[in-house]
Amino acid sequence: MAPTDPCWLFGYGSLIFRPAIPFVERRPARVRGWTRRFWQWSTDHRGEPWRPGRVVTLAPTPDDICWGMAYRLDEAAETILADLDIRERGGYIRMEVELELDVSVGKAPDASAAAPQTVLGLTYQAWPGNRNYAGPAPLAEIAAQVAEATGPSGTNADYVRDLHTALEALGAQDTHVAALAARLPG
Ligand code: SIN
């Protein structure tokens, strides 16, 4: 998927709390019809092949909303995305999404409010069937896997906690992330 002009990138996982990319501006954003889920194995960042961690992907859910951060990239977008393709190579591919910018974070869409600015953007999506797809599991099982896993980018538990903290700072509600963070030791 080629970058749009201007190029907006939507982050909903580590790209919220550790973008590590140059950007022109960033704005809280939401995508409709998607839910954040810890349904992707990480064997290269937050786990290892013999003890994978769990990281987030987007599950299609007609009535849900996923909050994240939108980054507007400069004219070097293609190079930045090429670098991100390497960082996200554990099963993610680029997907085009409609982003709603500068909305009232944490609030449900309000028909009486002014229409949010909508832009086309890119996000990294790990579809079911990719080689690292983990899929759903009971929360206790996910928490046990997260608590055990660590990889070159740090512990899997820190990934969950950092994401939870970043979402709270945004004012975004995510019960799946919050419930998992609450189950982690320490
Ligand atoms: C993202 O952050 O948007 C993609 C998933 C991840 O790298 O955690």
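This report describes helix packing, the nonpolar core and selected residues in a predicted model.

**Helix packing around α5**

Helix α5, which spans residues 175-183, packs against helix α4, residues 156-170, with axes that come within 9 Å and cross at roughly 130°. The two helices, α4 and α5, are therefore oblique to each other, and their crossing is left-handed. On the α4 side the contact is formed by Val160, Leu163, His164 and Leu167, while α5 contributes Val177, Ala178, Leu180 and Ala181. Sorted by class, these residues comprise 7 nonpolar and 1 polar, with no charged residues in the contact of α4 with α5.

Helix α3, made of residues 139-148, also meets α5, their axes coming within 9 Å and crossing at roughly 60°. An angle of this value makes α3 oblique to α5, and the crossing of α3 and α5 is right-handed. Here Leu139, Ala140, Ile142, Ala143 and Val146 of α3 touch a set from α5 that consists of His176, Ala179, Leu180 and Arg183. The contact of α3 with α5 divides into 7 nonpolar residues, 1 polar and 1 charged. Leu180 thus appears in the contact with α4 and again in the contact with α3.

**The nonpolar core**

The largest nonpolar core contains 51 residues, and those with the most contacts inside it are Phe38, Leu73 and Leu99. Strand β3, residues 53-73, supplies the largest share of this core, namely 10 residues. In soluble globular proteins, nonpolar side chains tend to be buried together.

Which residues does Phe38 touch, not counting those up to four places away in sequence? Its partners are Arg54, Val55, Val56, Ile142, Tyr159, Val160, Leu163, His176, Val177 and Leu180. Among these partners of Phe38, Val160 and Leu163 belong to the α4 side of the contact between α4 and α5, and Val177 and Leu180 to the α5 side. Ile142, another partner of Phe38, takes part in the contact of α3 with α5.

**Three tryptophans**

The table gives the place and the relative accessible area of three tryptophan residues.

| Residue | Place | Relative accessible area |
|---|---|---|
| Trp34 | strand β2 (residues 25-42) | 14%, buried |
| Trp50 | loop between β2 and β3 | 67%, exposed |
| Trp127 | loop between β5 (117-125) and α3 | 35%, partly exposed |

With residues up to four places away in sequence left out, Trp34 touches Leu58, Ala59, Pro60, Thr61, Asp64, Ile65, Cys66, Met95, Val97, Gln125 and Trp127. Trp127 in turn touches Trp34, Gly91, Ile93, Met95 and Tyr133, under the same exclusion of residues up to four places away. Met95 is therefore a partner of Trp34 and of Trp127, given that contact means heavy atoms within 4.5 Å.

Separations in sequence and space can be set beside these contacts. Trp127 and Thr57 lie 70 residues apart in sequence, yet their C-alpha atoms are 7.8 Å apart. For Trp50 and Ala149, which are 99 residues apart along the chain, the C-alpha separation is 9.7 Å. Trp34 and Gly171 are 137 residues apart along the chain, with 18 Å between their C-alpha atoms.

**A positive phi at Ala20**

Most residues other than glycine have a negative phi. Ala20 has a phi near 50°, a positive value in a residue other than glycine. Ala20 sits in the loop between α1 (14-17) and β2, and it counts as exposed because its relative accessibility is 58%, where exposed means over 50%.

Note on methods
Residues are numbered from 1 along each chain as its sequence is written. This is a predicted model: local features need pLDDT of at least 70, side-chain atom pairs count only at pLDDT 80 or more; totals for chains, interfaces and linings use all residues. Side-chain values use heavy atoms; hydrogens and water are left out. Axes are lines fitted to C-alpha atoms, for helices over the stretch in contact, and angles run from 0 to 180 degrees between N-to-C directions. Helices (H or I, at least four residues) and strands (E, at least two) are DSSP runs, numbered from the N terminus. Angles under 35 degrees count as roughly parallel, over 145 as roughly antiparallel, 65 to 115 as roughly perpendicular and the rest as oblique. A crossing is left-handed if the near helix is turned anticlockwise from the far one by less than a right angle, and right-handed if clockwise. Ala, Val, Leu, Ile, Met, Phe, Trp, Tyr, Cys and Pro count as nonpolar, Asp, Glu, Lys and Arg as charged, and the others, Gly among them, as polar. A nonpolar core is a set of buried Ala, Val, Leu, Ile, Met, Phe, Trp, Tyr and Cys residues joined through side-chain atoms within 4.5 Å. Buried means under 20% relative accessible area, exposed over 50%, partly exposed in between (1.4 Å probe, protein chains only).
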